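Work through these exercises with the sequence and the 3D view side by side. Try each task before reading its solution.

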Amino acid sequence: MTLQKIVSSLTLVLMVTSAAIGGTLQYGYNLAIMNSPTIFIQTFINETFLERWDIQLEDYQVTLVWTIIVSIFSLGGFAGALIAGPMTIHFGRKKCLLLNNIFLMAGALLALTSRAAKSFEMIIISRALVGINSGISMNVQPMYFGESAPKHLRGALSSSSAVFAAFGVALGQVVGLREILGSEPCWQYLLASNAIPGLMQLLTLPWFPESPRYLLIDRGDKEACINALRRLRGCEVQSSELDEILQEQAETKGMRPRRPWELFTDRSVRWQLISVMIISSAMQLCGNDSIYFYASYVFREAGISDDKIQYITIGTGSCEFTASIICNLLIERKGRRFMLMGGYIFMTIWAVVFTIALLFEHYVSWMPYLSMACIFTYILSFGLGPAGVSVVLPTELFNQTARPAASMIAGSMMWLNLFIIGMIFPFLVSELREYCFVPFGAVCLLSALYVGLFLPETKGKSLSAITSDFHKLNFKGQDAKCASQTKAQYQLGEVCLSTAL
């Protein structure tokens, strides 16, 4: 390997690291850090009400305010997903990630000063702003990676977003230990500690190139695109790669960026849209991320003593982090469908075993440990497939004009379902008790069936090849003559031309 190639490989790795540290790492980190200070913030809420209005809140009232603090993160993420598309179109992928830190820094400042100001409302606003930051990152970062990666590494680079999200969870759990920042005097510093990765991104990401596809297709700057490709590939740009980008530019010439509602009425992207909506929703409806919101709650129900819970929760984050790395290594070998379907099948199995373990935990002494093992294997299965593959699909299934809108829809579904699950999860646990994971197991089984029946494999395929696979689903039953006449000119975002044209 030449020195130039080594430098370019290092450039690609450092670019991914810089973007992800202030990107999807923030999503995982901000999920995890809310678990440790639960009791301290609830006490702070109660004391604030008592000092302001001389009102002693009931337990359920404190829980309600706490649930709002936790769930507002999801609503912020939903808002971030909605504005991510327009931001990427106007500012580009890299600049969008940099500007996104405005929300993060504002949120960190509010969290840091909330205790001194004796305002739990500042925590709520802070969590909403941090949610917006995470919502934008979860949409833009996989798009940035997918558009910058060579075709044979596209899945691995895009799925690295999930690796950093899982690393953020593990990091947040470690920083949230009582021995570090998870203690009563330090919880405000814990909530504001997310500013450090954001600062690291601000200092490093400007040195790396913009997405080559954005530079050529959106801005029409061929020279800048070639320079970016040279920096990322470390050699003369291969004509095949540049031709593919030029072909996509020609196909989308004169087409403005698509709006989300336009995709719903376009038959040519019907099954692509259905696929990303189902997979993005299943990613949250499977209940995996809610375990991080309410990890203590789940382990307590599994029979684990309170003094051991904070250390066991670190294992959950480490488990998903390890699984995400394995997924990242396997995704280009085994393919998207295999990893996604396999992950959901295993999650279904472990949900059933977990339910059985909870039913017999009062009758068999070692059942609580089986329950705990099921949570770990459930998270492990999630990391092996759904966590990594779900973020790749919007990048691979849509062309440049439709990709931002598709990412907005996928992100919106993810965050909206995270909010719903975050709100109802504690009630599911308290009402269904031993059967609390039955709904999640059903979601996983249905998701595995959908992937197996309807989702084509996209590994190593060009956009035109993926388009052709979905064309058969989108226009199933159409006259063969129409299909043959439009095959050469059909692209995502265009309607099937009639024979009359």
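**Exercise 1. Cysteines**

Decide whether Cys225 is buried or exposed, then count the disulfides.

Solution. Step 1: use the cut-offs. Buried means under 20% relative accessible area, exposed means over 50%, and partly exposed lies in between (1.4 Å probe, protein chains only). Cys225 has 0% relative accessibility, so Cys225 counts as buried.

Step 2: note the basis of the values. This is a predicted model, in which local features need pLDDT of at least 70 and side-chain atom pairs count only at pLDDT 80 or more, while totals for chains, interfaces and linings use all residues. Residues are numbered from 1 along each chain as its sequence is written, and side-chain values use heavy atoms, with hydrogens and water left out.

Step 3: test for a bond. A disulfide is a pair of cysteine sulfur atoms within 2.5 Å. Take Cys319, which is buried at a relative accessible area of 15%. Its closest cysteine sulfur belongs to Cys374 and is 12 Å away, too far for a bond.

Step 4: count. The total is zero disulfides.

**Exercise 2. Annotated segments**

Find where UniProt places the feature "transmembrane region", and check how much of residues 366-393 and of residues 435-455 is helix.

Solution. Step 1: read the record. The unreviewed UniProt entry puts the feature at residues 64-85, 97-117, 309-331, 338-360, 366-393, 405-429 and 435-455. UniProt positions are given in the numbering used here, feature names are shortened, and annotations may be inferred rather than shown by experiment.

Step 2: look at the chain. Helices (H or I, at least four residues) and strands (E, at least two) are DSSP runs, numbered from the N terminus. Residues 366-393 are 82% helix and 0% strand. Their end C-alpha atoms lie 41 Å apart. Residues 435-455 are 81% helix and 0% strand, with end C-alpha atoms 30 Å apart.

**Exercise 3. Nonpolar cores**

Say how many residues the largest nonpolar core has, and which helix gives the most to it.

Solution. Step 1: define the core. A nonpolar core is a set of buried Ala, Val, Leu, Ile, Met, Phe, Trp, Tyr and Cys residues joined through side-chain atoms within 4.5 Å.

Step 2: find the largest. The largest core has 68 residues. Those with the most contacts inside it are Tyr27, Leu263, Leu340, Tyr344, Tyr378, Phe398 and Trp415. Helix α23 (residues 403-432) gives the most, with eleven residues.

Step 3: look for another. A second, separate core has 46 residues, including Ile45, Ile69, Ala84 and Val140.

**Exercise 4. Salt bridges**

State how many salt bridges the whole structure has, then work out which helices Arg93 and Glu147 lie in.

Solution. Step 1: recall the principle. Side chains of opposite charge can pair when their charged atoms come close. The cut-off is a side-chain nitrogen of Lys or Arg within 4 Å of a carboxyl oxygen of Asp or Glu. The search finds twelve salt bridges.

Step 2: take the pair. Arg93 and Glu147 meet at 2.8 Å, N to O. Arg93 lies in helix α5 (residues 93-99) and Glu147 in helix α7, so the pair ties together parts that are 54 residues apart in sequence. Arg93 and Glu147 are both buried.

Step 3: compare Glu396 and Arg336, whose side chains meet at 2.5 Å, N to O. Glu396 sits in helix α22 (residues 393-397) and Arg336 in helix α19, so this bridge ties together parts 60 residues apart in sequence. Glu396 is buried, and so is Arg336.

Step 4: find the network. Arg258, Arg259, Glu262 and Asp266 are linked by salt bridges. Within it, Arg258 and Glu262 meet at 3.6 Å, N to O. Arg258 is buried at 12% relative accessibility, and Glu262 is buried at 16%.

**Exercise 5. Positive phi**

Locate Asp54 and Lys118 in the chain.

Solution. Step 1: know the background. Most residues other than glycine have a negative phi.

Step 2: place Asp54. Its phi is near 55°, a positive value. Asp54 is in the loop between α3 (38-53) and α4 (59-91), and is exposed at 64% relative accessible area.

Step 3: place Lys118. Its phi is positive, about 55°. Lys118 is in the loop between α6 (101-117) and α7 (120-148), and is partly exposed at 42%.
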